[in-house]
Amino acid sequence: MCYALGLKVLIVSNSFNNIKNEYPEYNSSDLNTVLKEADIVSFHCKPSADGSSIINTKELNLMKKNALIINTARGNLVSEIDLCKAIKNRIIGGAALDV
């Protein structure tokens, strides 16, 4: 749907790397690049094996000031404490959470 709307789609996924030739309109990327370039970061993944957050203060500081995080996957993917601070301090634009 995003591609159909003219958005550039960056994907961070080991499994996508195996099939990316079938989807040339999507770009395989690393997390730091996505965080630096994206206006919207949306999570569609499982938590890390150790249960730690993927996004903390360090990662939030890489993002654009107007960037949005959408997390409808798992609650612990983004540190809620760090996210709250980032929104209050206007480090990022906002977040939509359903976890």
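Me: Exposed means over 50% relative accessible area, buried means under 20%, and partly exposed lies in between. By that scale, is lysine 8 buried or exposed?

Reply: This is a predicted model, and the value is computed from its atoms. Lysine 8 has a relative accessibility of 60%. The cut-off for the top class is over 50%, so lysine 8 counts as exposed.

Me: How many salt bridges does a search of the whole structure find?

Reply: One pair is glutamate 37 with lysine 8. Another is aspartate 39 with lysine 64. The search of the whole structure gives a total of two.

Me: How far apart in the chain are glutamate 37 and lysine 8?

Reply: The closest N and O atoms of glutamate 37 and lysine 8 are 3.8 Å apart. Glutamate 37 sits in helix H2, while lysine 8 is in the segment before strand E1 (10-11). The salt bridge therefore links distant parts of the chain, and the separation is 29 residues.

Me: What is the N to O distance in the salt bridge of aspartate 39 and lysine 64?

Reply: A salt bridge requires the nitrogen to be within 4 Å of the carboxyl oxygen. The side chains of aspartate 39 and lysine 64 meet this, with an N to O distance of 2.9 Å.

Me: Where in the chain is lysine 64, the partner of aspartate 39?

Reply: The side chains of aspartate 39 and lysine 64 meet in a salt bridge. Aspartate 39 is in the loop between H2 and E3, and lysine 64 is 25 residues apart from it in sequence. The place of lysine 64 is the loop between helix H3 (57-60) and strand E4 (68-71).

Me: Which class of accessibility holds for aspartate 39?

Reply: The class between buried and exposed runs from 20% to 50%. Lysine 64, the salt-bridge partner, has a relative accessible area of 30% and falls in that class. Aspartate 39 has 42%, so it is partly exposed.

Me: Which residues does lysine 36 touch, not counting residues up to four places away in sequence?

Reply: Lysine 36 is in helix H2 and, at 48% relative accessibility, counts as partly exposed. Arginine 74 is 22 Å away from lysine 36, C-alpha to C-alpha. Beyond four places in sequence, the residues that lysine 36 touches are Leu62 and Lys64.

Me: Which elements give two or more residues to the largest nonpolar core?

Reply: The largest nonpolar core holds 17 residues, and Phe43, Leu60, Met63, Ile69 and Ile92 have the most contacts inside it. Two or more residues come from each of helix H2 (31-37), strand E3 (40-43) and helix H4 (80-88).

Me: Which residues does isoleucine 92 touch, not counting residues up to four places away in sequence?

Reply: Ile92 is among the residues with the most contacts inside the largest nonpolar core. Its contacts beyond four places in sequence are Leu60, Met63, Lys64, Lys65, Ala67, Ile69, Leu83, Ala86 and Ile87.

Me: Is glycine 94 buried or exposed?

Reply: Glycine 94 lies in strand E5 and touches Ala67, Leu68, Ile69 and Ile87. Its relative accessible area is 9%. The cut-off is under 20%, so glycine 94 is buried.

Me: What value is phi of arginine 90 near?

Reply: Arginine 90 lies in the loop between H4 and strand E5 (94-97) and is exposed, with a relative accessible area of 67%. Its phi is positive although the residue is not glycine. The value is near 55 degrees.

Me: How many disulfides does a search of the whole structure find?

Reply: Cysteine 2 is partly exposed at 41%, and cysteine 45 is partly exposed at 29%. The sulfur of cysteine 2 is 16 Å from the closest cysteine sulfur, in cysteine 45, which is too far for a bond. A disulfide needs the sulfur atoms within 2.5 Å, and the number found is zero.

Me: What is the radius of gyration of the protein chain?

Reply: The chain has four helices and five strands, in the order β-α-β-α-β-α-β-α-β from the N terminus. The globule rule gives 13 Å for 99 residues, and the model comes close to that, so it is as compact as a globular protein of that length. The radius of gyration is 14 Å.

Me: What share of the residues in the protein chain is buried?

Reply: The chain exposes about 6,700 Å², with carbon and sulfur atoms supplying 52% of this area. Of the 99 residues, the buried share is 25%.

How values were computed. Residues numbered from 1 in each chain as written. Predicted model: local features only at pLDDT ≥ 70, side-chain atom pairs only at ≥ 80, totals over all residues. Heavy atoms only, no water. Core = buried A, V, L, I, M, F, W, Y, C linked by side-chain atoms within 4.5 Å. Buried < 20%, exposed > 50% of the residue type's maximum accessible area, 1.4 Å probe, protein only. Contact = heavy atoms within 4.5 Å. Rg over C-alpha atoms; globule rule 2.2 N^0.38 Å. Areas by Shrake-Rupley, 256 points an atom, 1.4 Å probe, with all protein chains shown as cover.
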